[in-house]
Amino acid sequence: MISTTTPSIEGKTITEYKGIVFGEVVAGVNVIKDFVAGISNFIGGRSNTYESELINARQQAVREMEERAMALGADAVVGVDIDYEVLGADNGMLMVTASGTAVMLH
């Protein structure tokens, strides 16, 4: 499955638009991760704990979007956009959404 942020794929012709597809992931961040990230924030540097959580959530959202495109019979997703949002009363949840247009190529 080809997924791209561009509206077309070089060398390919879009033969059919299957519709808009989404992949959503809501990931919780626990107290231990918050504590470790707080230490990184205090002393400076990157928070590998949060970064790996963000990478995993993004990969899952893209994979879910691609699976939904395949279920429609598509072989690519164009115009992919990835959005991030913090949710919950204490901002302890991260939502990652991947969206794009499922298409057939020739």
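**Salt bridges and cores in a predicted model**

Modeller: Glad you're here! Glu 64 and Arg 68 sit four residues apart in helix H2, about one turn of the helix. The model is a predicted one.

Biologist: Nice place to begin! How far apart are the closest N and O atoms of Glu 64 and Arg 68?

Modeller: Both residues belong to helix H2. Glu 64 is partly exposed, because its relative accessibility is 22% and buried means under 20%. The two residues form a salt bridge, and their closest N and O atoms are apart by 3.1 Å.

Biologist: Which residues are joined into one network by salt bridges that share partners?

Modeller: Arg 68 pairs with Glu 64, and Arg 68 also forms a salt bridge with Glu 24, at 3.0 Å between the closest N and O atoms. Glu 24 lies in strand E2 and Arg 68 in helix H2, so this pair ties together parts 44 residues apart in sequence. Through shared partners, the network consists of Glu 24, Glu 64 and Arg 68.

Biologist: Which elements give two or more residues to the largest nonpolar core?

Modeller: That core has 13 residues, and Val 21, Met 65, Val 77 and Val 96 are among those with the most contacts inside it. Val 77 touches residues including Val 21, Met 65 and Ala 102. The contributing elements are strand E2, helix H2, strand E3 and strand E4.

Biologist: And how many residues are in the second, separate core?

Modeller: Ile 9, Ala 76, Val 78 and Leu 105 are included in this core. It is separate from the largest one, and its residues number five.

Note on methods: Residues are numbered from 1 along each chain as its sequence is written. This is a predicted model: local features need pLDDT of at least 70, side-chain atom pairs count only at pLDDT 80 or more; totals for chains, interfaces and linings use all residues. Side-chain values use heavy atoms; hydrogens and water are left out. A nonpolar core is a set of buried Ala, Val, Leu, Ile, Met, Phe, Trp, Tyr and Cys residues joined through side-chain atoms within 4.5 Å. Buried means under 20% relative accessible area, exposed over 50%, partly exposed in between (1.4 Å probe, protein chains only). Contact means heavy atoms within 4.5 Å. A salt bridge is a side-chain nitrogen of Lys or Arg within 4 Å of a carboxyl oxygen of Asp or Glu. Lists of a residue's contacts leave out its neighbours within four places in sequence.
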